[in-house]
Amino acid sequence: MVKQISKKTLIKNGRLIDPKNKIDQVTDLLVDDFKVAKIGSHLTDSAVHIIDAAGKIVAPGLIDIHVHFREPGDDEEETIASGSAAAVAGGYTSVVCMPNTHPPVDEATAVEYVHRMGRQARKTFVYVMGAITKDRAGQELAEMGLMAEAGAVGFTDDGCGLQDAAMMLLAMKYASMFDLVISQHCEDHSLAKNGVMNAGYKATVLGLPGVDPLAEEMMLWRDIQLVRKTKARYHAQHISTAGSVKIIREAKQQGLPVTCEATPHHLLLTEEAVADYDTNFKVNPPLRTQKDVESLRHAVADGVIDALATDHAPHLQSEKELEFLSAPCGMVGIECALPLYRKALIDTGVCDWSAMLAMLTWRPAEIIKVQKGSLAVGDRADIVVIDPDAQWSIDASQFYSKSRNCPYQGWQAKGKVLYTLVAGEVRFEAKG
Ligand SMILES: [Zn+2]
Ligand SMILES: [Zn+2]
C-alpha cells in the first residue's frame, strides 16, 4: 500500500494541530525536500502528490519514548522491522527502544546495531536507550559515555528497577555529564516480591500474589531524593498509582528536573480486568484501581504527565498461554494507542486534542533531547494525518506487529491514522 511518491506532497484543508507552536487551524501544508516548505491557505503547486485532509487532523508525527522491539535476541516476538511497521501504522514517526534485549543494549556497538536495523527498516525513526548497568544486573555501571557518543538518548534498566541507591546516585552523576535522562522502571523488589497483579482485595479473591503500590512509590521517592542531590534529569516510566502522581507533582512543584509517562492501559484499565485470569492483562507495573486511573487522568489534565508512551511489549502466544503466575508481563498496543488515548482522555473531557498531542509529540521529544515534534516551516516533515471520527474494530490478527498479546481485541476504536510521513515520505497509508 505504501507507495513511493514525488518529492513534494501537498496536504490540503486539514486541521493543523501543532501544539508546540500553538497552532490549531484549518490550512494547507506543503512538504518539499523532506521538510515543511509552506503553511497557508489555498496553496497550489504543480506536479505534487496531494492528500485531501478536509475534516482530518494534521499533526507532528507521534513520538513513543518506550517500546520493546525485542531485537537482538527475541526476533520471533518482534523485530525492529516489524515493530517499525507497527509504529508507523500507529502514527509514530519516532520511537525509543528499551535495552532489555538479549544481549542487552549495554555497550556502544549494541546502540549502533539498533540504529542500523532501524535505518534498514526505513519506517519510523528508531532511537534507543542504553542500559544503566552492565547486563542490567544492577552491579556495575555500563559504558554510558560510549553509548552516549553512539547516540543513545537516555539510560534505563527497564524491566527492572535499579535497586541499589548508591549505584543510582552514581548513574545520575554520569548521565548528567552527557545531559541525558535516567529513565527508571520504579519497582522495589523487596516489596514487589513475586506479585503478579495489584495487591488488595481482588488479588486475595483471585488467589494471586499482589504487588503493593509502595513497590513503585518507594523507589520513586528514593530516586527523587537523589535527584534533589544531583539535579540529574530523571524520568519515571509507566507510573501507575495515585501515590506516584502525588510524589511527582510535589517534585515538580519544587522545581526538580523530573518527568513521567503514562500508558494507555494504566489510563483505561483496572485490576478488574484480571478477573478471568486473561494473561493479556498481565503487565508490570500491574493494572491498579479506578482511583489510580482517575488520579492519572487528573495528572494529565494538570500537566503532571509529560508523555504518553505505550510500553509496547510483544510476547509469544505460547508464553502468554501459560498460567497467570508464569506468563510474561506486557501487552502490544502501538497500532491502536491513539484511539485508546482518545477514549481515556478526550472522550472523558480530561483534555483536548491539542493537549493530548503535546504529550505525544514535542513534550516527549524534550525528554530525549531531539529536535522533533513540531511542524514549523523548515522543520522535518514527520507528519501524521488522523481521521478523528473514523470508527474501526481493533483486530490484532491484522497488526504489523509479530505478536498478538493485545488486551483490546474486538474493542470499538474511534480515531484512525490515515497517513504517516517520515522525512516527507509516505511510510504508511491506511487501507481502503
Ligand atoms: Zn518497565
Ligand atoms: Zn517497558
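Two strands are taken to pair if DSSP finds at least two bridges between them, and helices (H or I, at least four residues) and strands (E, at least two) are DSSP runs numbered from the N terminus. The views show a predicted model, in which local features need pLDDT of at least 70 and side-chain atom pairs count only at pLDDT 80 or more, while totals for chains, interfaces and linings use all residues. Residues are numbered from 1 along each chain as its sequence is written, with chains lettered from A and ligands numbered from 1 in the order in which they are written.

**Figure 1. The whole chain, with 14 helices and 18 strands.** Along its principal axes the C-alpha trace spans about 65 × 45 × 45 Å. The radius of gyration of the chain is 21 Å, which agrees with the value near 22 Å for a compact globule of 432 residues (taken over C-alpha atoms, with a globule rule of 2.2 Å times the number of residues to the power 0.38).

**Figure 2. The open five-stranded sheet, in the order S9-S10-S13-S14-S15 with parallel pairing.** Strand S9 (154–155) and strand S15 (307–308) are the edge strands, each with a single partner strand, so one side of each is left without a neighbour in the sheet. S9 runs parallel to strand S10 (residues 181–184) and is joined to S10 by two bridges, and Phe155 stands opposite Ile182 in S10. Helix H8 (residues 242–253) lies across strand S13 (234–236) and strand S14 (258–262), running at about 150° to S14. Here and below, axes are lines fitted to C-alpha atoms, for helices over the stretch in contact, and angles run from 0 to 180 degrees between N-to-C directions; two residues are in contact if their C-beta atoms, placed from the backbone, lie within 7 Å.

**Figure 3. Packing of helix H8 against helix H10 (residues 290–301), with axes that come within 8 Å and cross at roughly 25°.** H8 and H10 are therefore roughly parallel to each other (angles under 35 degrees count as roughly parallel, over 145 as roughly antiparallel, 65 to 115 as roughly perpendicular and the rest as oblique). From H8 the contact draws on Ala242, Val245 and Arg249, and from H10 on Lys291, Asp292, Ser295, Leu296 and Ala299. These residues divide into four nonpolar, one polar and three charged, where Ala, Val, Leu, Ile, Met, Phe, Trp, Tyr, Cys and Pro count as nonpolar, Asp, Glu, Lys and Arg as charged, and the others, Gly among them, as polar.

**Figure 4. The crossing of helix H4 (residues 165–177) and helix H7 (residues 213–230), packed at an angle of about 45° with axes 10 Å apart.** The two helices, H4 and H7, are therefore oblique to each other. Their crossing is right-handed (left-handed if the near helix is turned anticlockwise from the far one by less than a right angle, and right-handed if clockwise). In H4, Ala165, Met168, Leu169, Met172, Lys173 and Ser176 meet Arg222, Asp223, Leu226, Val227 and Thr230 of H7, a contact that has six nonpolar, two polar and three charged residues.

**Figure 5. The open three-stranded sheet, in the order S6-S7-S8 with parallel pairing.** Strand S6 (62–67) and strand S8 (125–128) stand at the edges with a single partner strand each, so one side of each has no neighbour in the sheet. Neighbouring strands of this sheet are turned by 20° against each other on average, direction ignored. S6 and S7 run parallel and are joined by four bridges, with Asp64 opposite Val95 in S7. Helix H1 (residues 80–89) lies across S6, S7 and S8 and runs at about 140° to S7, whereas H2 lies across S7 and S8 and runs at about 170° to S8.

**Figure 6. Helices H1 and H2, packed at an angle of about 55° with their axes 9 Å apart.** That angle makes H1 oblique to H2, and the crossing of H1 and H2 is right-handed. Ile80, Ala81 and Ser84 of H1 make the contact with Val114, Met117, Gly118 and Ala121 of H2, a set that divides into five nonpolar, two polar and no charged residues.

**Figure 7. Backbone details in three loops, at Pro103, Pro285 and Lys22.** His102 and Pro103 are joined by a cis peptide bond with omega about 0°, and Pro103 has its place in the loop between strand S7 (92–97) and helix H2 (108–121). The peptide bond from Asn284 to Pro285 is also cis, with omega near -5°, and Pro285 lies in the loop between helix H9 (264–268) and H10. Lys22, in the loop between strand S1 (9–18) and strand S2 (23–32), has phi near 55°, a positive value in a residue other than glycine.
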